[in-house]
Amino acid sequence: APFVPVWQVTDWCAENCSFYSGEAASAAWLVAVVLLLPEPWRTRLIAPVLVYGVALSINRILFGGHFLSDVLMSWGLVAAITGAL
């Protein structure tokens, strides 16, 4: 089915039309890995990896691959799993 912008009602999808973004989730996992590194590495890498992760996630929204909610849920899911582990 084609991508449908937000608030445009169509008959392309009956239910559950939104889905988690794998790209955003992988970007969030990179941030989680950096948080596990020793202190000297963590302080040097957290900013560039966080910028990369956010840029990758925004890229998915701008190119119409995902909604903002898909990206936020991906980051939230990774944060919850990381916190649980």
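How much accessible surface does the protein chain have, and what percentage of it belongs to carbon and sulfur atoms? The accessible surface comes to about 6100 Å², and 71% of that belongs to carbon and sulfur atoms. Please keep in mind throughout the tour that this is a predicted model.

**The whole chain**

Begin with the complete chain in a cartoon view, where the secondary structure amounts to 3 helices and 0 strands, the elements running α-α-α from the N terminus on. The radius of gyration is 15 Å, well over the 12 Å that the globule rule gives for 85 residues, so the chain is more spread out than a compact globule. If you turn the model along its principal axes, the C-alpha trace spans about 50 × 25 × 15 Å. Colouring by burial would pick out 21% of the 85 residues as buried. Among contacts with a separation of 6 or more, 63% are accounted for by residues 24 or more positions apart.

**Helix α1**

Next select residues 22-35, which make up helix α1, with 14 residues and a reach of 20 Å from the first C-alpha to the last, close to the 20 Å expected at 1.5 Å a residue. Show the side chains of Ala24, Ala25, Ala27, Ala28, Val31, Ala32 and Val34, which are the buried residues of this helix. Those buried residues pack against α2 (39-62) and α3 (68-84), and it is worth displaying both partners before moving on.

**Ser57, in helix α2**

Now centre the view on Ser57, which lies in helix α2. Is Ser57 buried or exposed? Its relative accessible area is 3%, so Ser57 is buried. Leaving aside neighbours within four places in sequence, Ser57 is in contact with Ala24, Ala27, Val71 and Trp75. With Trp75 there is also a polar contact, made between the two side chains at 2.9 Å.

**Two salt bridges**

The structure holds 2 salt bridges, and each can be brought up in turn. Select Glu23 and Arg60, whose closest N and O atoms are 3.4 Å apart in the salt bridge that they form. This pair links distant parts of the chain, with Glu23 in helix α1 and Arg60 in helix α2, 37 residues apart. Glu23 is partly exposed at 31% relative accessibility, and Arg60 is likewise partly exposed, with a relative accessible area of 22%.

Then select Glu39 and Arg42, which form a salt bridge with the closest N and O atoms 3.0 Å apart. Being 3 residues apart in helix α2, Glu39 and Arg42 are separated by about one helical turn. Glu39 has a relative accessible area of 42% and is partly exposed, while Arg42, with a value of 27%, is also partly exposed.

**Leu45 and Thr82**

Staying in helix α2, move to Leu45, which is partly exposed with a relative accessible area of 29%. Not counting residues up to four places away in sequence, Leu45 touches Val34 and Leu37. A distance drawn from the C-alpha of Leu45 to that of His66 spans 27 Å, the two residues being 21 apart along the chain.

Finish in helix α3 by selecting Thr82, which counts as partly exposed at 31% relative accessibility. Which residues does Thr82 touch, not counting those up to four places away in sequence? They are Trp29 and Ala32. As a last step, draw the distance between the C-alpha atoms of Thr82 and Ala27, which are separated by 13 Å although the residues lie 55 apart along the chain.

Technical notes:
Residues are numbered from 1 along each chain as its sequence is written. This is a predicted model: local features need pLDDT of at least 70, side-chain atom pairs count only at pLDDT 80 or more; totals for chains, interfaces and linings use all residues. Side-chain values use heavy atoms; hydrogens and water are left out. Helices (H or I, at least four residues) and strands (E, at least two) are DSSP runs, numbered from the N terminus. The expected span of a helix is 1.5 Å times one less than its number of residues. Buried means under 20% relative accessible area, exposed over 50%, partly exposed in between (1.4 Å probe, protein chains only). Contact means heavy atoms within 4.5 Å. The radius of gyration is taken over C-alpha atoms; the globule rule is 2.2 Å times the number of residues to the power 0.38. Accessible areas come from the Shrake-Rupley method with a 1.4 Å probe; for residues, only the protein chains shown count as cover. A polar contact is a pair of N or O atoms within 3.5 Å; within protein, one must be able to donate a hydrogen and the other to accept it, and residues adjacent in sequence count only if both atoms are side-chain atoms. A salt bridge is a side-chain nitrogen of Lys or Arg within 4 Å of a carboxyl oxygen of Asp or Glu.
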